[in-house]
Amino acid sequence: MNNVYAGVTVLLVDGDSTCLIILSKMLRSFGYKVVTTKRATDALCIIRDQQHKIDLVLTEACLHDMDKYELLETIRNISSLPIIVMSTDYDRNAVLGSLFKGAALHLEKPITMDDIKNLWQFTLIKGREINVPIIEAKSCIKEVSSIESALGVVVDGRRNLRDEKRKRPLEVENDKEGDNWDQGSSTLKKPKLIWTNELHNRFLQAIDMLGSEGMFLD
């Protein structure tokens with residue numbers, strides 16, 4: 001058993017008792033610590049009370065006591081834990097809906113051992129601190145980087161778009177400055193003068209001096 005999984009505790013949520021047992025055994029076979037519940041409301045209580053003990057949430061999309069989007073939004077409001085959603089419904093709208101509401105990944109059921117073995121990496125992507133042996137973690141750096149680059153487009157798409165919008169005014173400003181430089185490269189722009197209290201006092205002193213000199217000239 002690879003010790004890289006030993007420091008990761010997964011909150012597993014599934015309303016189907018059979019799926020809950022099978023997935024729990026699959027997770028534990030890799031060395032994950034598992035906390036299980038069948039209800040969304042119970043999952044929220046666990047997250048509120050034991051958030052510091054949980055590293056990852058793996059939840060079925062369709063639970064009996066709460067809509068999947070309501071669950072995702074509620075978890076996201078009270079926690080920054082990575083959320084992995086799983087369902088038999090894997091059409092484009094379902095996947096994008098889950099990601100938009102805060103899920104880090106949407107998995108299609110039935111869940112495979114390959115799906116399970118890579119879940120721990122999402123705790124690193126989200127900046128969670130887990131007890132991962134350094135030597136074993138280094139061997140997974142390339143795989144983690146590939147997941148980050150793949151998820152960056154979808155999971156953080158809204159953030160990237162906002163950053164892009166913030167950059168656009170700066171880019172326009174830089175373009176304008178570039179045009180001004182081309183038109184008159186021999187001249188430099190004068191620094192903008194900021195009128196401060198100190199400058200104002202000096203100005204008044206200068207006016208007083210000029211007034212005194214005028215009296216002597218007369």
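**Helices, a strand and a core**

User: How do α3 and α4 lie, roughly parallel or roughly antiparallel to each other?
Analyst: This is a predicted model, with local features needing pLDDT of at least 70, side-chain atom pairs counting only at 80 or more, and totals for chains, interfaces and linings using all residues. Residues are numbered from 1 along each chain as its sequence is written, and side-chain values use heavy atoms, without hydrogens or water. Helix α3 (68–78) and helix α4 (92–100) pack at about 25° (angles between N-to-C directions of lines fitted to C-alpha atoms over the stretch in contact, from 0 to 180 degrees; helices are DSSP H or I runs of at least four residues, strands E runs of at least two, numbered from the N terminus). Under 35 degrees counts as roughly parallel, so α3 and α4 are roughly parallel.

User: Which residues of α4 make the contact with α3?
Analyst: Contact means heavy atoms within 4.5 Å. From α3 come Lys68, Tyr69 and Leu72. Facing them from α4 are Asn93, Ala94, Gly97 and Ser98.

User: How many residues of β3 are buried?
Analyst: Buried means under 20% relative accessible area, with a 1.4 Å probe and protein chains only. Leu56, Leu58 and Glu60 point one way, and Val57 and Thr59 the other, yet all are buried. So the count, going by that cut-off, is five of five.

User: Which element gives the most to the largest nonpolar core?
Analyst: Such a core joins buried Ala, Val, Leu, Ile, Met, Phe, Trp, Tyr and Cys through side-chain atoms within 4.5 Å. The largest has 23 residues, and β1, α1, β3 and β4 each give two or more. With five residues, the top giver is α1.

How values were computed
Buried means under 20% relative accessible area, exposed over 50%, partly exposed in between (1.4 Å probe, protein chains only). Angles under 35 degrees count as roughly parallel, over 145 as roughly antiparallel, 65 to 115 as roughly perpendicular and the rest as oblique.
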